[in-house]
Amino acid sequence: TAFNFSDPSLFKKDRVHAHEIRADKILDYVGQFTVEVTAPPTISAGGVVNAASFMPRVAPGALVSIFGNDLATGTFSASSVPLPTEIAGTSVKIGGKDAPLVFVSAGQINAQMPFEVAEGASVPVIVKVNGVSSPAGNVAVVPAAPGVFQFGNKRAVVQNADYTVNDASNGAPAESYAVAYMTGCGALDNPVATGTPAGSEPLSRPRGSVSATINNAPVEIAFAGLTPGFIGLMQMNFKVPSMAPGSYPLVVTINGEKSNAAMVTIK
């Protein structure tokens, strides 16, 4: 990456040796330098997943995570919207389309699946770092692939009626309304441009039918659609069913595709 030839007496090193060229009687120098070789970025097998559920099926417009090695030269986050398609030399193409980037690091990239990507069982994903492309990974792109965001021990990211986070010690009262957050709803009745936040007028709802269960019991849904002001984030406002206090699995279904099961606590 860099080298320097000089007189050995200058740096007191014996790596440079003077050689006399007999024809012209001028001293030439033979030097030593180091070449730094960097491996190309690589995507792990099965490493392109829904950012909420980590399931290997994603929908257009969803937030996705890409896992691998040497995916970036450092850790960086997007600082503005619309989201950039390159951060610090890292870019991603999914199905030939530039993916807006949320976060990049050597081992993980968070991005948005472009709405323009065509559905398919094996859509190519390529990460490029400073002009060097990875071998192609792949991911299944389907009309809808809901994933409920989780934290801790597979707990659903749910906001109680009082705006506090639902957890094992802070359950939602039965018959109250709560909000679950997810991604992967697919096509919208009011389309949003890739890489841009959803609006509030009009709201954007999934075209596919939405249903949900808690502990296999149907849940009444007041609203399901993109969260205004956010990119790729969906919310579901629902009525907490009447059942015995405890923690139960929440599953959301969109267009026939079921989400991961994530826990919600009812008190």
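Begin at a pocket lining whose residues divide into six nonpolar, three polar and one charged. In this count Ala, Val, Leu, Ile, Met, Phe, Trp, Tyr, Cys and Pro are nonpolar, Asp, Glu, Lys and Arg are charged, and the others, Gly among them, are polar. The model is predicted, so to speak of a local feature here takes pLDDT of at least 70, and side-chain atom pairs count only at pLDDT 80 or more, while totals for chains, interfaces and linings use all residues. Residues are numbered from 1 along each chain as its sequence is written, and side-chain values use heavy atoms, with hydrogens and water left out.

**Stop 1: the pocket**

Select Thr38, Ala39, Pro40, Pro41, Asp70, Ala72, Thr73, Val129, Asn130 and Val132, which line the second largest pocket. Its volume is about 160 Å³. A pocket is an open set of points on a 1 Å grid over the protein atoms alone, where a 1.4 Å probe fits, with protein on both sides within 12 Å along at least five of seven lines; lining residues have an atom within 4 Å of a point. The volume is the space filled by probe spheres set on the points, which are joined across faces, edges and corners.

**Stop 2: strand 12 and its partners**

Colour by secondary structure: the protein has one helix and 26 strands. These are DSSP runs numbered from the N terminus, with at least four residues of H or I for a helix and at least two of E for a strand. Two strands are called paired if DSSP finds at least two bridges between them.

Now select strand 12, residues 120-129. Strand 8 (residues 90-94) pairs with strand 12 in the antiparallel sense over five bridges. Within that pairing, isoleucine 94 is opposite valine 125 of strand 12. Add strand 14 (residues 137-141), which runs antiparallel to strand 12 and is joined to it by four bridges. There, glycine 120 has valine 141 of strand 14 as its bridge partner.

Strand 13 (residues 132-133) is also antiparallel to strand 12, with two bridges. Lysine 128 is opposite serine 133 of strand 13. Two residues lie between the strands in this hairpin, and asparagine 130 takes a positive phi near 50 degrees. Asparagine 130 also appears in the lining of the pocket at the previous stop.

**Stop 3: an open sheet of five strands**

Which order do the strands take in the open sheet of five? The order is 3-5-11-10-6, with antiparallel pairing. Strand 3 (42-50) and strand 6 (76-77) are at the edges with a single partner strand each, so one side of each has no neighbour in the sheet. Strand 3 runs antiparallel to strand 5 (residues 63-69) and is joined to it by five bridges. To find the register, select asparagine 50, whose bridge partner in strand 5 is valine 64.

**Stop 4: alanine 78**

Alanine 78 is in the loop between strand 6 and strand 7 (86-87). At 25% relative accessibility alanine 78 is partly exposed; buried means under 20% relative accessible area, exposed over 50%, and partly exposed in between, with a 1.4 Å probe and protein chains only. Not counting residues up to four places away in sequence, alanine 78 touches Leu83, Pro84, Ile87, Leu101 and Val102, where contact means heavy atoms within 4.5 Å. Draw a distance from the C-alpha atom of alanine 78 to that of proline 100: it is 9.3 Å, for residues 22 apart along the chain.

**Stop 5: the salt bridges**

How many salt bridges does the structure hold? There are three, each being a side-chain nitrogen of Lys or Arg within 4 Å of a carboxyl oxygen of Asp or Glu.

- Arginine 57 pairs with glutamate 257, with 2.9 Å between the closest N and O atoms. Arginine 57 is in strand 4 (residues 57-58) and glutamate 257 in strand 25 (residues 257-258), so the pair ties together parts 200 residues apart in sequence.
- Lysine 93 pairs with aspartate 98, the closest N and O atoms being 2.8 Å apart. Lysine 93 is partly exposed at 39%, and aspartate 98 is partly exposed at 40%.
- Lysine 239 pairs with glutamate 175, at 3.2 Å between the closest N and O atoms. Lysine 239 is in strand 23 (residues 234-239) and glutamate 175 in the loop between strand 18 (158-159) and strand 19 (177-183), so this pair ties together parts 64 residues apart in sequence.

**Last stop: the whole chain**

Zoom out. Of the 267 residues in the protein, 42% are buried. Among contacts with a separation of 6 or more, 58% are between residues 24 or more positions apart.
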